[in-house]
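Trainee: Could you take a close look at one part of this molecule and walk me through it slowly? I would like to begin with a pair of elements that pack against each other and then follow the chain outward from there.

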Amino acid sequence: MPEGPEIRRAADRVHAQLAGRRLEHVWFAFPALAPRADSLVGRRVSAVDSWGKALLTRFDDGRVLYSHNQLYGVWKLHDAEREPDTGRSLRVRLVAEGRAASLYSASDVSLWQQDRLGDHPFLARLGPDLLTHGVTVGEAMARLREPRFQRRRLGGLLLDQSLFAGIGNYLRSEILFFAGLHHRARPMDLNEAALERLAHTVLEVTRQAYDQAGVTNRPDWAAAERRGGASRRRWRFAVFEREGLACHLCGTAIERATVASRRLYACPRCQASP
């Protein structure tokens, strides 16, 4: 499943396609939404952003189209007169001044008033989005210190979207590695310096994944892998999906474990058990 950085990049592409333009045509496949499509014609798309793994298309009348790609959903951008070449099922189409954005294969789509988004059953459970909501290191540290989070092991906690929205499986492994922390460590076990390092790493690794289209590895390590002929799948990450390969930092073989029912990769030396 795409993680926060991938959804934010998708939101950026839809924003560039539609933002600032007036809708000429709107189509919904869902019976609950179809009668409301015409009410959006003539409205201007004010912005498209993301919250965790949800994409939010905002209109100038205060309404917001919520969509969640889940496993198979995808937005395709195209000219209004040219259909995308796909066998997927069309769910949403927005056309503005000759430009179109079409959502395929997604099933979780709804229309909300901006001031009621907090009532959305998914969004209401989310913590702040690490890319959209301007989270600072201090704010990240404060969340990790909250009583509901501080006693939980990081291996499970980092996947909890109520802590921070957008962290998924590859980000979890990469964050823990670059923070030098074992998945069994808890925020309450960390001294001030380690907690600050974790908060900084959460923000830095997520931002790098966004800026570099999913690459979280250090540039020098990635470059060395590429010179050796490694595939992108191998040089993209520092530890994720590198089971049995040497740690870039210490040379120890990367190990794989199952934590919170998801695979996790770590260096047993750089991330010693607490």
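Mentor: Start with helix 5 and helix 6, which pass each other in a right-handed crossing. Keep in mind that this is a predicted model. Two packed helices are described by the angle between their axes and by the distance between those axes. For helix 5 and helix 6, the axes come within 9 Å and cross at roughly 130 degrees. An angle over 145 degrees would count as roughly antiparallel, and 65 to 115 degrees as roughly perpendicular. The angle here belongs to neither class, so helix 5 and helix 6 are oblique to each other.

Now look at helix 5 by itself, which covers residues 169-179. Ala179 is placed in this helix. Buried means a relative accessible area under 20%. Ala179 has 2%, so it is buried. Across from it in sequence terms is Cys270, 91 residues away along the chain, yet the C-alpha atoms of Ala179 and Cys270 are separated by 9.4 Å.

Go on into the loop between helix 5 and helix 6, where you will find Leu181. This residue has 7% relative accessibility and therefore counts as buried too. The partner to check is Gln271, which is 90 residues from Leu181 along the chain, with 4.9 Å between their C-alpha atoms. So for both Ala179 and Leu181, a long stretch of sequence has to be set beside a short list of ångströms.

Helix 5 also has a part in the largest pocket. Together with helix 8 (232-235) and strand 10 (262-266), each of which supplies at least two residues, helix 5 contributes at least two residues to the lining of that pocket. The pocket has a volume of about 240 Å³. What lines it? There are 15 lining residues, and those nearest the centre are Met1, Glu3, Tyr170, Phe240 and Arg263. By class, the lining divides into 9 charged, 4 nonpolar and 2 polar residues.

Next follow helix 6, residues 192-211, to its other neighbour in this account, helix 1, residues 4-18. The axes of helix 1 and helix 6 come within 8 Å and cross at roughly 45 degrees. That makes helix 1 oblique to helix 6, since an angle has to be under 35 degrees to count as roughly parallel. The crossing of helix 1 and helix 6 is right-handed.

There is also enclosed space to note. Counting those of 30 Å³ or more, the model has 1 cavity. The largest cavity holds about 30 Å³ of space. Its lining consists of Gly4, Pro5, Asp129, Leu130, Leu131, Ala165, Gly166 and Thr206. Sorted by class, these are 4 nonpolar, 3 polar and 1 charged.

Finally, move away from the helices to the strands. His78 lies in strand 5. With a relative accessible area of 10%, His78 is buried. Arg99 is 21 residues from His78 along the chain, and their C-alpha atoms are separated by 6.4 Å.

Two loops deserve a look for their backbone. Gln70, in the loop between strand 4 (63-68) and strand 5 (74-79), has a positive phi of about 50 degrees although it is not a glycine. Its relative accessible area is 30%, so Gln70 is partly exposed. Ser105 sits in the loop between strand 7 (99-104) and strand 8 (108-113), and its phi is near 70 degrees, again a positive value in a residue other than glycine. Ser105 is partly exposed, with a relative accessible area of 25%.

Strand 8 gives the last stop, Asp108. Asp108 is partly exposed at 28% relative accessible area. Gly73 is 35 residues from Asp108 in sequence and 9.4 Å from it in space, C-alpha to C-alpha.

Note on methods:
Residues are numbered from 1 along each chain as its sequence is written. This is a predicted model: local features need pLDDT of at least 70, side-chain atom pairs count only at pLDDT 80 or more; totals for chains, interfaces and linings use all residues. Side-chain values use heavy atoms; hydrogens and water are left out. On a 1 Å grid over the protein atoms alone, a cavity is a set of points where a 1.4 Å probe fits but cannot get out, and a pocket is an open set with protein on both sides within 12 Å along at least five of seven lines; lining residues have an atom within 4 Å of a point. Grid points are joined across faces, edges and corners, and a volume is the space filled by probe spheres set on the points. Helices (H or I, at least four residues) and strands (E, at least two) are DSSP runs, numbered from the N terminus. Ala, Val, Leu, Ile, Met, Phe, Trp, Tyr, Cys and Pro count as nonpolar, Asp, Glu, Lys and Arg as charged, and the others, Gly among them, as polar. Buried means under 20% relative accessible area, exposed over 50%, partly exposed in between (1.4 Å probe, protein chains only). Axes are lines fitted to C-alpha atoms, for helices over the stretch in contact, and angles run from 0 to 180 degrees between N-to-C directions. A crossing is left-handed if the near helix is turned anticlockwise from the far one by less than a right angle, and right-handed if clockwise.
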